[in-house]
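Visitor: I should like to understand how the terms used for a protein structure are justified. Could you take me through the reasoning, term by term?

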Amino acid sequence: MTGIKEKIRLIQKNIQIPLGKEIKLMEVCGTHTMSIAANGIHSLLPEGIRLISGPGCPVCVTSQKDIESALILARKDNVLITTFGDMIRVPSGKDRLENYKNVHIVYSPMESLDLAMENPEKEVVFMGVGFETTAPLIASTITEADKRKIENFSTLCLHKTIPAALELILSSKDSEIDGLILPGHVSAVTGSAYYDFLQDQKTPGVITGFDGLNIMESIYLLTRMILESKTNILNNYTTVVNKKGNTDAMELLDIVFEPSDADWRGIGVIPGSGLKIRDQYKQFDALEKFPMDPLHIEEPKGCLCGLILMGKVTPPECRHFGTSCTPLRPVGPCMVSSEGTCAAWYKYGRGDKNSDR
Amino acid sequence: MTDNITMTHGSGGRQMHNLIHDHLISRLQNGILEKLDDSARLQNANTDRLAMTTDSYVVSPLFFKGGDIGRLCVCGTVNDLATSGAEASYLSLAFILEEGFPLDDLKKIIDSIAETAKEADVKIVTGDTKVVEKGKGDGIYINTCGIGFIPDGVNLSTYNGAPGDLIAVTGSIGNHETALMLARNLLKFDTSISSDAAPLNKKISRLLKLTKGIKTVKDPTRGGLASALSEIAEHSNCEIILQEDKIPVDKDVQAVCELAGLDPLFLANEGKYVIVCDPSSADAITQVFPKAEFIGEITDKQPKGRLLIETVSGGLRKIGMLETAQLPRIC
């Protein structure tokens, strides 16, 4: 264990920023946000580096409208909803999925199929959120349902993909992001070549694993590239990520889904940033089975989740943070999800002016 | 006699009499309880300092790997007494049974109570049994109250920590709550994790005889190690720094925590203590608790009253109190 600490100290000494210069790095993925906070990485970095959390928390980016759609389904007597855990606590107006007995938390979408077999008189709807990492699981659940001819299963498909969102953030006029800590799990599926499009954005990126040492290495690599004005995409997670990725998973994605527009919380609709179920499998699309027109639900007043997801403000700049918005009574999704930026800042004491020594 | 608890078991008549004689006294007799007086007459040890505590047990499920509600209701109360340095002497035992509760389960629970009381060397001297209608309870609830005597010269409290003191934990953390989650099928992993529920009063008595430098003994139950140490930091008005790589967590527990997104620092334990001591007491702690680890120390840094951790990466971060309950009814 001490070996790791020593290696990290060595890297720490080599991360040097010229006086007066500020470098802003965005960690795209929510798991990185948590790991950075849990490892106390901020306390190891020099003054001039700021880490900004990006849009890679699936719960956080799910729009108010999409949560309201899930609630419309949950209110139906003949529907059972299956979902990953954190989703049930996200407020929509005065309601949330947690309030409904027919909402089941699952660890794998496949559990929905068993539930559908056990409850033939009900429709089981899986709430599909997540990025390129989880989408293949849903795709294989859909093909499995097709194979087993399960007719009472469908998916509320809210999947999002990383490239379009990153492009939007980097190309927005007031973007100040100098470099990207790229997601490890997503890249394991997509392969490192997936990020070639970033070359156009003139922003370097490093694909990174999740332990403290790997994160510190990537921060070092990024600062070097930024100071030398290089814009390469490096892979610093070679034990898991290769150039091509998991081609089987990517093919499966392409068989079941097609690109579509997606509504991101606080950002709005980003063209081509979502996944829609292809016509061939439309019997598993909850939106086909239950056409819906959700009421417009206002985002909680003063909630800055959208700007936080774009990396434009930090949680303490939100007037709700730590006062009216806590993990016990969350106002916005960034405080609900364990991967959310606000939850990480709150839990690990960042934003508490006294937390740095 | 029927095989389930009925309302007449709590009516004060023949059936209640039989229940107490056949199933309680036969298992728990100790020279005092079987007198069945409305209050027990107790003998004072050679001290004028008395410690008293009470705790109710509503754990679900009643039986889990490594323990059951019976073992828990003895351990929890004698361990609470030991945090004041008291040697547990007497316990009261009160059951609230739900109509329909299987008698076999009750027998198993009383056997477990008897066995654990023997292990802890504590006498159950008075008790009560009530039955509530079906649907008004959840099988069985138990309350125990404990009395113990504090030896002269012993003065343990969460207010005693001072700069330079060491923080020890007597063994690996998180096992109890993880075992409960597995027992409730909230986590579906095939592991052998069992609860650490155990009475530790005799060990603490031995430790206090061996060394004078013990300042605080606290059981990290609900809220876990993090909450116990936050309280000590606040009460002692000092800063505590932990070393993450020194905190003992069993491999199985660590793996389950990583997969389920739980933090072992916040998981409940039922057979572990956090001890604050003068460095001169370290050897005595290791002697009594061979699996103890020294996980941190109290500093003289400002601001006071907070708990920090140096992570495995060497970074420093704050540990707060538990915000949302990870799991209800774990004890």
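Guide: Let us begin where the two chains meet: eight residue pairs, both at pLDDT 80 or more, are in polar contact across the interface of chain A and chain B. Please keep in mind that this is a predicted model.

Visitor: Which helices of chain A supply at least two residues each of the side that touches chain B?

Guide: They are helix H1 (2-14), helix H2 (30-38), helix H9 (212-227) and helix H14 (341-347) of chain A. H1(A) gives the largest share of that side, with four residues. Sorted by class, the side of chain A that touches chain B has twelve nonpolar, seven polar and seven charged residues.

Visitor: How many residues of each chain are in contact, and how is the size of the interface expressed?

Guide: In chain A 26 residues are in contact with 26 residues of chain B. The size of an interface is often given as the accessible area lost when the parts come together. Between chain A and chain B the buried area is about 2,000 Å², and carbon and sulfur atoms give 49% of it.

Visitor: Why is the pair Lys347(A) and Asp263(B) called a salt bridge?

Guide: Side chains of opposite charge can pair when their charged atoms come close. The rule asks for a side-chain nitrogen of Lys or Arg within 4 Å of a carboxyl oxygen of Asp or Glu. For Lys347(A) and Asp263(B) the distance from N to O is 3.6 Å, so the pair meets the rule. The count between chain A and chain B is four salt bridges.

Visitor: What makes Asp254(A) and Arg278(A) a salt bridge, and where do the two residues lie?

Guide: Their side chains meet at 3.1 Å, N to O, and the limit is 4 Å, so this pair also qualifies. Asp254(A) belongs to helix H10 (residues 247-256) of chain A, whereas Arg278(A) is in the loop between strand S11 (268-277) and helix H11 (286-289) of chain A. The pair links distant parts of the chain, with the two positions 24 residues apart. Over all chains the structure holds 29 salt bridges.

Visitor: Why is the aromatic pair of Phe84(A) and Phe126(A) described as edge-to-face?

Guide: A pair of aromatic rings is described by the distance of the centres and the angle of the planes. The ring centres of Phe84(A) and Phe126(A) are 5.4 Å apart, and the limit for a pair is 6.5 Å. Their planes stand at 80°; an angle over 60 degrees counts as edge-to-face, so the name applies. Phe84(A) is in the loop between strand S3 (79-83) and strand S4 (103-105) of chain A, and Phe126(A) is in strand S5 (residues 123-128), 42 residues apart. The structure holds six aromatic pairs over all chains.

Visitor: Into which domains is chain B divided, and how far apart are their C-alpha centres?

Guide: Chain B has domain 1 (7-149) and domain 2 (166-318). The C-alpha centres of these two domains of chain B lie 28 Å apart. Their contact takes 22 residues from domain 1 of chain B and 25 residues from domain 2 of chain B. Together they bury about 1,800 Å², 56% of it on carbon and sulfur atoms. Of the area that domain 1 of chain B buries against domain 2 of chain B, Lys65(B), Asn79(B) and Thr83(B) supply 28%, more than any other three residues.

Visitor: How do you know that Glu87(B) and Lys209(B) form a salt bridge?

Guide: The distance from N to O between their side chains is 3.7 Å, and the limit is 4 Å, so the pair counts. The rule finds one salt bridge across the interface of domain 1 of chain B and domain 2 of chain B.

Visitor: Which peptide bonds of chain B are called cis, and what are their omega values?

Guide: A cis bond joins Ser60(B) and Pro61(B), with omega about 0°. Pro61(B) sits in the loop between strand S1 (50-57) and strand S2 (63-64) of chain B. The bond from Gln302(B) to Pro303(B) is also cis, with omega near -10°. Pro303(B) is in the loop between strand S11 (293-299) and strand S12 (307-310) of chain B.

Technical notes: Residues are numbered from 1 along each chain as its sequence is written. Chains are lettered from A and ligands numbered from 1 in the order in which they are written. This is a predicted model: local features need pLDDT of at least 70, side-chain atom pairs count only at pLDDT 80 or more; totals for chains, interfaces and linings use all residues. Side-chain values use heavy atoms; hydrogens and water are left out. Domain bounds come from an automatic or database domain assignment. Contact means heavy atoms within 4.5 Å. Buried area is the accessible area (1.4 Å probe) that two parts lose on being put together, summed over both. A polar contact is a pair of N or O atoms within 3.5 Å; within protein, one must be able to donate a hydrogen and the other to accept it, and residues adjacent in sequence count only if both atoms are side-chain atoms. Ala, Val, Leu, Ile, Met, Phe, Trp, Tyr, Cys and Pro count as nonpolar, Asp, Glu, Lys and Arg as charged, and the others, Gly among them, as polar. Rings of Phe, Tyr and Trp (its six-membered ring) pair if their centres lie within 6.5 Å; planes under 30 degrees apart count as stacked, over 60 as edge-to-face and the rest as tilted.
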